[in-house]
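Here is a colleague's note on the structure shown below, set out as numbered points. Please read each point with the sequence and the coordinates at hand.

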Amino acid sequence: MERSNSYIIMFAAAVCLVCSVFVAFAAVTLKERQDENAVLDRQKKVLIVADLLEEKAKVAPQEVQALFDQWIVAKIVDLETGAYDDSIDAATYDQQRALKDPQASKEAPENRAGLTRVPLRAQVYQVVDEGRIDKIILPIEGKGLWSTLYGFLALAPDTTSITGITFYQHGETPGLGGEVDNSSWKALWAGRRAFDEEWNPAIEIIKGIAGPPAEDPYAVDGLSGATLTCRGVNYLVHYWLGEQGFGRYLERFRSERSAA
């Protein structure tokens with residue numbers, strides 16, 4: 001039996017409406033679980049970059065939470081002063097949400113990391129063992145070739161020795177820029193130095209092969225075929241180590257540590 005064009009259009013519209021209702025319902029009902037999974041994934045990445053969890057380890061969510069609660073202390077830092085802000089609950093603070101709030105963020109100064117807005121306050125993580133801070137973990141982000149990369153950089157208490165780096169979200173080309181996720185490449189960062197003798201950000205991904213950390217402390221091997229992604233990582237790491245990022249916090253941390 002032939003159907004008129006109007007019937008076909010109405011039928012298609014009805015199908016689309018029903019499908020959109022189901023998709024919207026699923027998005028709303030699953031949002032809380034998605035948010036929980038996103039938090040869990042970031043906690044795992046913090047534990048991995050802190051060398052408290054193997055990268056490919058299969059652990060239950062409860063184990064991740066227990067490890068995180070045992071070793072990690074989250075702090076909120078005022079980026080303008082470098083001081084801790086205890087008026088904000090670090091456990092519930094959402095730095096990405098703060099970027100969308102004009103009261104909690106500002107237009108980014110001119111930068112090469114591709115950032116347009118930055119938070120007034122940022123979350124840092126500390127690995128604490130019997131009251132002693134063993135590592136500082138800084139969130140980092142910036143533009144690569146195709147995407148914004150989000151990750152963590154881990155520093156020793158001297159604030160210049162790099163102990164690890166990881167990225168938990170990006171859209172770089174698999175096999176090229178996507179190799180920022182390669183565990184072998186990330187391992188090359190350990191033992192390098194973030195700052196020069198004047199406390200200027202100095203770590204760089206170079207073209208070619210870098211020497212061992214003792215001989216070539218400021219260089220990391222480049223990724224073949226991923227020049228623009230590597231350049232983006234250089235820019236974003238320098239931004240967050242610099243004065244507009246965590247520079248004032250790290251300076252304050254060093255000063256308080258020396259005075260202790």
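**Notes on the model**

1. Helix H5, which spans residues 227–241, contains Leu-228. The model is a predicted one, and this should be kept in mind for every value that follows. Leu-228 has a relative accessible area of 44% and therefore counts as partly exposed, since that class lies between the limits of 20% for buried and 50% for exposed. Together with Leu-145 and Trp-146, Leu-228 forms a nonpolar patch on the surface, and the three residues share about 340 Å² of accessible area.

2. As for the overall composition, the protein has 6 helices and 9 strands. Of its 260 residues, 39% are buried, while the accessible surface comes to about 14800 Å², with 54% of that area belonging to carbon and sulfur atoms. When contacts between residues at least 6 apart in sequence are considered, 55% of them join residues that are at least 24 apart.

3. The strands E1, E4, E5, E6 and E7 follow one another in that order in an open sheet of 5 strands, and their pairing is antiparallel. The edges are formed by strand E1 (72–78) and strand E7 (162–169), each of which pairs on one side only. From one strand to the next, the twist averages 25°. Two helices should be considered with this sheet: H5 packs on it and touches E5, E6 and E7, with a direction that makes about 130° with that of E5, whereas helix H6 (residues 247–259) packs on it by touching E1, E4, E5 and E6, its direction making about 170° with that of E5.

4. Which strands are joined by 5 bridges? They are strand E4 (residues 121–129) and strand E5 (residues 132–143), which run antiparallel, and within this pairing Asp-129 has Arg-132 of E5 as its bridge partner. The two strands form a hairpin with 2 residues between them, and in the turn Glu-130 has a positive phi of about 55°. Such a value deserves a second look, because most residues other than glycine have a negative phi.

5. On the other side of the comparison stands the pairing of E5 with strand E6 (residues 148–155), where 8 bridges join the two antiparallel strands. Lys-143 stands opposite Thr-148 in E6, and the hairpin formed by E5 and E6 has 4 residues between its strands.

6. Two further residues merit attention for their backbone angles. Asp-51, which is not a glycine, has a positive phi of about 65°; this residue lies in the loop between H1 and H2 and is exposed, because its relative accessible area is 55%. Trp-199 likewise is a residue other than glycine with a positive phi, near 65°, but its place is in the loop between helix H4 (183–187) and strand E8 (204–205). With 37% relative accessibility, Trp-199 counts as partly exposed.

7. Is Lys-56 buried or exposed? With a relative accessible area of 79%, Lys-56 is exposed, and its position is in the loop between helix H1 (5–49) and helix H2 (61–71). The C-alpha atom of Lys-56 is separated by 9.8 Å from that of Ser-183, although the two residues are 127 residues apart along the chain.

Terms used. Residues are numbered from 1 along each chain as its sequence is written. This is a predicted model: local features need pLDDT of at least 70, side-chain atom pairs count only at pLDDT 80 or more; totals for chains, interfaces and linings use all residues. Side-chain values use heavy atoms; hydrogens and water are left out. Patches are made of residues with over 30% relative accessible area and no salt bridge: like charges are joined within 9 Å, nonpolar side chains (Val, Leu, Ile, Met, Phe, Trp, Tyr) within 5 Å. Accessible areas come from the Shrake-Rupley method with a 1.4 Å probe; for residues, only the protein chains shown count as cover. A salt bridge is a side-chain nitrogen of Lys or Arg within 4 Å of a carboxyl oxygen of Asp or Glu. Buried means under 20% relative accessible area, exposed over 50%, partly exposed in between (1.4 Å probe, protein chains only). Two strands pair if DSSP finds at least two bridges between them. Axes are lines fitted to C-alpha atoms, for helices over the stretch in contact, and angles run from 0 to 180 degrees between N-to-C directions. Contact means heavy atoms within 4.5 Å.
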